[in-house]
Amino acid sequence: MTKKNGIFDEAGPSSEDIKSNSADASGGDKMNRREFVRRSGALGLSLPLLGGLSSAASTALFPASARAAMPGQCVLGVTQEAVNFNPLLYVNTGVETSVEFIVFDALWKIDPTGKFIPNLATAIPDQENGGISKDGRSWTIKLRPDVFWHDGTPFTAADVIFTLETLMNPKVAVRSRNGHEHVDSYQAVDDHTIQIKLKDDFAPYLVSWQKTSIIPKHILASLPDINTAPFNTAPIGTGPFKFKNRVAGSYIEFEPNPKYHGGPPKLSSLIQKYVPDQQTLYAQFQTGEVDIYDLQGIPPLLYAKAKTLPGAKIELSASPFVEFIYFNCGKPQFSDKRVRQALYMAVDKKGWIDQVYYGVPIPTLSYLPPNHWAYNQNLKDPGYDPQKAAALLDELGWKVGNDGVRARDGVRLAFTMSTTAGNKSREQAQQVVQQNFKKINVEMTIKNMPASVVWGDYTVKSEFDTLMVGWDALLYPDPDYTDRIGSKLIPAKGGSGSNYVQYENPEIDQLCAKGVSTVGQTERKAIYDRIQEILLEDLPFAPIFAYQTIIGTKDRVHGYKVNPYTPISSWNTNEWSVS
Amino acid sequence: MVRYLFNRLGQSAVLLIGVSIIGFALMHLAPGGPLAVYTLNPTVTAQDIERVKHQFGLDQPVYVQYFKWAGGLVTGQWGYSFFGGRPVSAIVLERLPATFELMGSSLLLALIIGVAIGMLAAVRRNSILDYATATAAMIALSLPTFWFGLLGIFVFAQTLGWLPAGGIETTGGGGFADRMWHLVLPMLVLAFVLVAQWSRYTRSTMLEILGQDYMRTARAKGLRPARVLLAHGLRAALVPLVTLAGLQLPLLVGGALVTETVFSWPGMGLLFVNALGTRDYPVLMAILMVGALVVVLGNLLADVIVALIDPRIKLGHV
């Protein structure tokens, strides 16, 4: 009993009543059996009463939120656990990107309007300031001289060169080379200037550097194996916060870096807390144990409820992820684009968004979210029209057979649709789509698998019929999409890309090549407008909607700015503060 | 006795080797693998995936991978996690205390309450108490634990605000009282289910014992009912109860998958769920082997203790 009382004592001065109650309920040592039964009965009766206590009264009695909110400390809640903090090695975008932004810096970062702002570099190189040569292939980048690693060592051009070398080192399991494979040669001109020559035209190269955080040469260069370096779980960066400690399976704590070149952080402690269950995270956000609910965000199911929470701000953030139905164009059912068009018309996209996602996502007709600068605003939605879809299939010779399913030349218009098993929203959406297809006599079978199975060879080697999947562009926010639509980039046909739908179109290949070799945004927009137009016509994948994240922040948090161009909004943590 | 122990340990070693081969083969032959996480990452190309696959040694035949792993295990090198590159032994060891704290306290609580309820229910057979506990046990065993967990969080954290909604301590560190405060809810939820098991088991065991001649003799001697029940009854009931305890011992290191996830309890269960989701083979194999080891040892321990309590049982003469 003493332990318990001790705990209640902490909860506040007005806990006297409860204390005596709980002492009473457990009884004295010499309680006889009959009395025990009687008292247990009383306890059983009193439990529902406890549940019925008005929440207002009890929050006054037990101010849990006052306990959780420590002055100067901000708690960021996430439902996945960050385990690798090496910005080149981690693979879990979002939760590990968050740590990257807090501890490390790239040469420049991207602000909420999509504009690049200098970070470790003094300026964004372009042709006007001489940072990029006329032909776009020679880059000169000036670095800030006043930046220090968290251990006090000065940051220099050698670190940038080392980062580039590590990215290209075949012995290091880096997640992605971020487009640096286009580099021909590089050198450090002096301690604070680097020069890079590209071997081909590559307009998205600015994004490559925005996505490449710089790692310290003085710590990593002498290690035999970077893959297993202690640095990966105890990182040293140049960022606004220093890594303090990690309690595995629980949280990571960061302490401010007073010498941060972007100005010292205002918080005295920043915590990224791992809460695996969404409902539990929501509960912790409500009780104040968590200040910011970001990343996957509040589930759409709880959106309406969350908006009524006192003392919290709930906002929507456009996400780069677009939800698609992926058609495997290599399968006989989907080889004709008109079949794909008919199927697209049969899908009730609005019903999908409203019924499954409570109307939160934004409809899109392209692989880009509609608020992106390169989004083609003139795209025309073929609309939801089952009659027209059925007529089109009839016309193409897909006749309804005795089993009620369309077929042509012995091929039934029947297929499976796969996604991660256990993803409840997607499972509901599949049922909506299944009904939609059934209306036009097309048979769709749901075949879901664990993430480690469905996104393995099943996807990469194009073994699927259709997938329900959400993806963004490779070097988002650059609109380049070559990797997913180029005909030379089909892994199932020996290519080295992510064209899992096996889409081949020479015109698209040409446009994609032109897109990455053109520099001006206006000129590029015209090219990507056309690409999006063709994709909506050919439909190798059917775009449904762009996700919107429902982000919750407690009113005590200031300076937090939602950034739709980053996977998580911890891009400006040095400006965060709590009251 | 010593020879018996030697024999049993020898058998256990063979058993563990078998477990490792079957576990390794099943894990690697099942479709999918750790690289799927890379596929899901939009910035990763198929080229990158091939490169990482080679780095992890996943492009080698399964038997080669097994011997490499087993060879490492023998020399004390358990390998490195695919995600984070930390030594697996460190990853597993840092999770053990949390699981031990949660499972140990729940088991202890469940054992005390469960045995007490079981004995009362047996003594008062067909009474209201007996029916009430039977019903409660039925409910506890048939409803899923995550539901109890979420209900507990809803009532005690969200509505009443008495207890924290998960976690092992207040972020940034708390004292002993803070840890206990966080322990209450997950411990009660787990104990609820375990109490149900223990009480049903104790009740049936006690019922059998209550009808025995020596119990009647004890009562006839004029001993106090409490003494009859505890010194004569419970002592006899210990043998099957110790066996049950031995079987539940692996929980101490295995943890509770669902409860740990709902309460964000940083233990072995949560580690296992995460490692399974990403197919982090080295971590999964380590958990499997530690689990298998404890099952084997738990059984052995139970057998030895039973032999110590019950003089009729002689080890090695089975």
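Two residues are taken to be in contact if their C-beta atoms, placed from the backbone, lie within 7 Å. The account below concerns a predicted model, and it begins with a helix of chain A and the elements that cover it.

Helix 12 of chain A, residues 337-346, is mostly covered, with eight of its 10 residues buried. These buried residues are Val339(A), Arg340(A), Gln341(A), Ala342(A), Leu343(A), Tyr344(A), Met345(A) and Ala346(A). Their cover includes two strands of chain A, strand 11 (312-327) and strand 19 (541-554), together with helix 14 (386-395) and helix 15 (424-439) of that chain.

Strand 19 of chain A is itself mostly covered, as 14 of its 14 residues are buried. Its pairings with strands 10, 11 and 12 of chain A are set out in the table, each with one pair of residues that face each other.

| Strand of chain A paired with strand 19 | Sense | Bridges | Residue pair |
|---|---|---|---|
| Strand 10 (residues 292-293) | antiparallel | two bridges | Ile292(A) and Thr553(A) |
| Strand 11 | antiparallel | 12 bridges | Ser317(A) and Thr549(A) |
| Strand 12 (residues 362-363) | antiparallel | two bridges | Ile362(A) and Ala546(A) |

Strand 11 thus has two roles in this region: it pairs with strand 19 of chain A over 12 bridges, and it belongs to the cover of the buried residues of helix 12 of chain A.

A separate passage of chain A concerns an open sheet of three strands, in the order 4-6-5 and with antiparallel pairing. Strand 4 (138-142) and strand 5 (183-190) of chain A are at the edges; each has a single partner strand, so one side of each is left without a neighbour in the sheet. On average, and with direction ignored, neighbouring strands of this sheet are turned by 15 degrees against each other. Five bridges join strand 4 of chain A to strand 6 of chain A (residues 193-198) in the antiparallel sense. Within strand 6 of chain A, Ile196(A) is the bridge partner of Trp139(A). Helix 7 of chain A, residues 157-168, packs on the sheet and touches strand 5 and strand 6 of chain A. The direction of this helix makes about 165 degrees with that of strand 5 of chain A.

The contact between the chains takes 70 residues from chain A and 62 residues from chain B. On the side of chain B that touches chain A, at least two residues come from each of several helices, among them helix 5 (88-123), helix 7 (145-159) and helix 13 (268-278) of chain B. Helix 3 of chain B gives the most to this side, with eight residues. By kind, the residues of the side of chain B that touches chain A comprise 33 nonpolar, 23 polar and six charged.

In soluble globular proteins, nonpolar side chains tend to be buried together. The largest nonpolar core here has 228 residues, and those with the most contacts inside it are Cys74(A), Phe324(A), Tyr326(A) and Ile287(B). Helix 8 of chain B gives the most to this core, with 15 residues. Domain 1 (2-75) and domain 2 (94-312) of chain B both contribute residues, so the core lies between them. Leaving aside residues up to four places away in sequence, Ile287(B) touches Val92(B), Met268(B), Leu271(B), Phe272(B) and Ala275(B).

Val184(B) is a residue of helix 8 of chain B, which spans residues 176-210. Val184(B) counts as partly exposed because it has 18 C-beta neighbours inside 10 Å, whereas a buried residue needs 20 or more. From C-alpha to C-alpha, Val184(B) and Leu163(B) are 7.9 Å apart in space, and they are 21 residues apart in sequence.

Conventions
Residues are numbered from 1 along each chain as its sequence is written. Chains are lettered from A and ligands numbered from 1 in the order in which they are written. This is a predicted model: local features need pLDDT of at least 70, side-chain atom pairs count only at pLDDT 80 or more; totals for chains, interfaces and linings use all residues. Helices (H or I, at least four residues) and strands (E, at least two) are DSSP runs, numbered from the N terminus. A residue is buried if 20 or more other C-beta atoms lie within 10 Å of its own, exposed if 12 or fewer, and partly exposed in between; C-beta atoms are placed from the backbone. Ala, Val, Leu, Ile, Met, Phe, Trp, Tyr, Cys and Pro count as nonpolar, Asp, Glu, Lys and Arg as charged, and the others, Gly among them, as polar. Two strands pair if DSSP finds at least two bridges between them. Axes are lines fitted to C-alpha atoms, for helices over the stretch in contact, and angles run from 0 to 180 degrees between N-to-C directions. A nonpolar core is a set of buried Ala, Val, Leu, Ile, Met, Phe, Trp, Tyr and Cys residues joined through C-beta atoms within 7 Å. Domain bounds come from an automatic or database domain assignment.
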